[in-house]
Each structure stands twice: as structure tokens, then as C-alpha cells.
Amino acid sequence: MSTTLPHGVSGLHALPADHHDGPWDAVITPPGLKERLLATAVLVLRHGARLAGSAVAPHGLVVLAGPPGTGKSTLAQGLAQAAARTLAPHGATTLVEVDPHAFPSEMLGESQRAVSRLFHETLPELAARRPHTLVLLDEVESLAVRRRAASFDTNPVDVHRATDAVLSGLDALRAARPGTLLVVTTNFAEAVDDAFLSRADLVVRTTLPDETVVPQIVADSLRELAAQWPALRRLADDTAVHRRLSKHLTGLDGRRIRKAVHGSLARRLETARDPSTLTEADLLAAAEEAGAERRV
Ligand SMILES: Nc1ncnc2c1ncn2[C@@H]1O[C@H](COP(=O)(O)OP(=O)(O)O)[C@@H](O)[C@H]1O
Ligand SMILES: [Mg+2]
């Protein structure tokens, strides 16, 4: 299957598909944010072609920017499925996942040509297959980084080079296939320049969960466990427990909060053998430890 994927594409999915449910509900966001995201996506995917050429034509770009672990990738995945469900009466949606690591800039010219080919040829061809196409470019900064610097000290020059390449590519993609939506995420919000952000139809800045969201993430993580071990229902429903845990977990990103809850099972052999025996004390110990790590 993977051998049939075009260069630079790491995933191709026909949506909606039941096994893509989950991410959209898993990320807890401020009120209204998901509707904004979904509405932007649906407008572009459904009416982008009709609006093309007009002064109000959408660019077909959504940017999710914020620190690691704040739900950007999960939201982007969820958005694809949510939009596909909304648009299902009008036909299926293709989700194309771009592999940014397929374009190392070690050989600059060659890498630029490869990115250009992606936007001029590969993506328009894929977008011709179904009525709606959403392209996900996760961690745009890794698109143009020098291989040796990848994921360590990404520097702003690399981020600019990546977003520039995407902007000119996006123009080509829009010309060929208006109504295609490009969703880009970045961990380097400060390094992304205004030219990029100002072209976006929507910029969502994800942040660390605040004290109202942390208990909800704790509760959702416990509900996940309770779905497997119903004895944990009591902990999953106890909002006082969630608040006590949250005192230690506030200031951490969503990923680390979920990890602390799940990690509470692996502190004692008994809970590892039988998660039904998990206690509030286990959870508190895990939360305290996670919270202490934040402060070092
Ligand atoms: N606001 C949030 N609400 C619930 N879960 C969250 C939140 N932010 C992050 N998470 C969880 O943390 C994990 C990592 O999220 P991810 O989407 O990979 O973050 P990012 O792409 O910003 O690094 C996922 O399991 C996600 O569900
Ligand atoms: Mg991510």
C-alpha cells in the first residue's frame, strides 16, 4: 500500500470513515473554536471553486500554531473527518497527509523542485479524484530544515523558507484546484511571518490548557480508561478528584496531562496487572510527579 503513495505523501484516506472518529472530540478547546474551524473548512471545500476569482475568494489555508502537545495534529486530523462527515451528502473527501521529511534541504535546489512538483502536479492530481480534498501539512517547519538540524534547533530562517515554499505552492494548487483546503500546523508560531499568516483564512493559536480545561482533559482520560475497565467509572465521574489532580497538572500541555493519567497505571504491579484496582492515591502520585517535572 505504502509503495503506491506518491513521493512526499505519507498518507491517503477516503473520508468519512468510522475509524477516523475520535480525534475531533478528544481535543478540548475554548467554546466556538471547533465550529469556526469546521465552518472555514466546509466553506472552502464546498464553495471554494464557486468563489474562485472573486475578491472574497478564500485562500484555502488554515494554520494551527502553538507549543508542542497542545492538540494541533489531533485537531487537524479531527477536522478532516468532521468536514468529511458534514460534506458527505455531496460526496467523499480525500485526506492527503504530506510527509515534510521527504524534502530535506541539504540539496536546496532539488528539494525546492520536489516541493514545487508536489504542489503543481501531485496534489492537483490527487485533488481531482474526489469532490473534496483536504491536505494536511503537519509541522511545516520540518519541510525545509537542513537534515542535520531537523527537530533540534529549528531556526527561523528554515521556518521562513518552508512557509515561503508553501505559499507559492498554494497559489499553484489553488489555480489548478480551487476548493482544495490546506491545513498547516507549526510549533514555531513566533517564527512564522505575517505574509503567511495574513493569507490564511483562519489562524488558530493553540495554548496550554487553562485551569478550566485541565480537569476536563483529566476526566476524558479517565473515561477512556473506564471504557476498558468499568470499575474506574467512579473515578471518571468524580469531579472533586479531577480538581485535586488538576492542581498538580496545570501548566503542562495536553499530551503530558493524558500521559500522567495513563501512567498512573504503571506505578504498581497490581494496577498494571489489573487496572480496575487503580486508586485516587495512585492518580495523585502520578500527577504530583508530572507536576514536579514541569518545575525543573
Ligand atoms: N486541549 C486538549 N484537550 C485534550 N487533549 C489534548 C489537548 N491538547 C493536547 N491533547 C492531547 O495530547 C496529545 C498530543 O496532542 P497533539 O495533537 O499531538 O499535539 P501537537 O500536535 O500540538 O503537538 C493527544 O493525545 C491529544 O489528545
Ligand atoms: Mg503535532
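Two strands pair if DSSP finds at least two bridges between them. That rule underlies the strand views of this predicted model.

**View 1. Strand β2 pairs with β6.** Four bridges link β2 to strand β6 (residues 202-205). The two strands run parallel. Within this pairing, V63 stands opposite V203 in β6.

**View 2. Strand β2 also pairs with β5.** Five bridges connect β2 and β5, again in a parallel arrangement. Here L61 faces L182 of β5 as its opposite residue.

**View 3. Strand β2 is enclosed.** Strand β2 covers residues 61-65. Five of its five residues are buried, so the rest of the structure largely encloses the strand. In a regular strand, side chains alternate between the two faces of the sheet. In β2, L61, V63 and A65 point one way. V62 and L64 point the other way. Residues on both sides are buried.

**View 4. Strand β4 is covered on both faces.** Strand β4 spans residues 132-137 and is mostly covered. Six of its six residues are buried. One side carries H132, L134 and L136. The other side carries T133, V135 and L137.

**View 5. Strand β4 pairs with β3.** Strand β3 (residues 93-98) and β4 run parallel and are joined by six bridges. Look for V98: its bridge partner in β4 is L137. L137 is also one of the buried residues of β4.

**View 6. Strand β4 pairs with β5.** Strand β5 takes in residues 181-186. Four bridges pair β5 with β4 in the parallel sense. L134 of β4 stands opposite L181 in β5. Strand β5 thus appears in two views, with β4 as partner here and with β2 as partner in View 2.

**View 7. Two domains make up the division of the protein.** Domain 1 covers 2-205 and domain 2 covers 213-295. Their centres, taken over C-alpha atoms, are 33 Å apart. Five residues from domain 1 and eight residues from domain 2 take part in the contact.

**View 8. The interface of domain 1 and domain 2.** About 490 Å² is buried between the two domains. Carbon and sulfur atoms give 57% of that area. On the domain 1 side, A26, I28 and G69 lose the most area to domain 2. Together these three account for 83% of what that side buries.

**View 9. Polar contacts between the domains.** Three residue pairs are in polar contact between domain 1 and domain 2. Zero salt bridges are found across this interface.

Definitions and conventions. Residues numbered from 1 in each chain as written. Chains lettered and ligands numbered in written order. Predicted model: local features only at pLDDT ≥ 70, side-chain atom pairs only at ≥ 80, totals over all residues. Heavy atoms only, no water. Buried < 20%, exposed > 50% of the residue type's maximum accessible area, 1.4 Å probe, protein only. Domains from an automatic or database assignment. Contact = heavy atoms within 4.5 Å. Buried area = accessible area lost by both parts, 1.4 Å probe. Salt bridge = Lys/Arg side-chain N within 4 Å of Asp/Glu carboxyl O. Polar contact = N/O pair within 3.5 Å; in protein donor to acceptor, adjacent residues only side chain to side chain.
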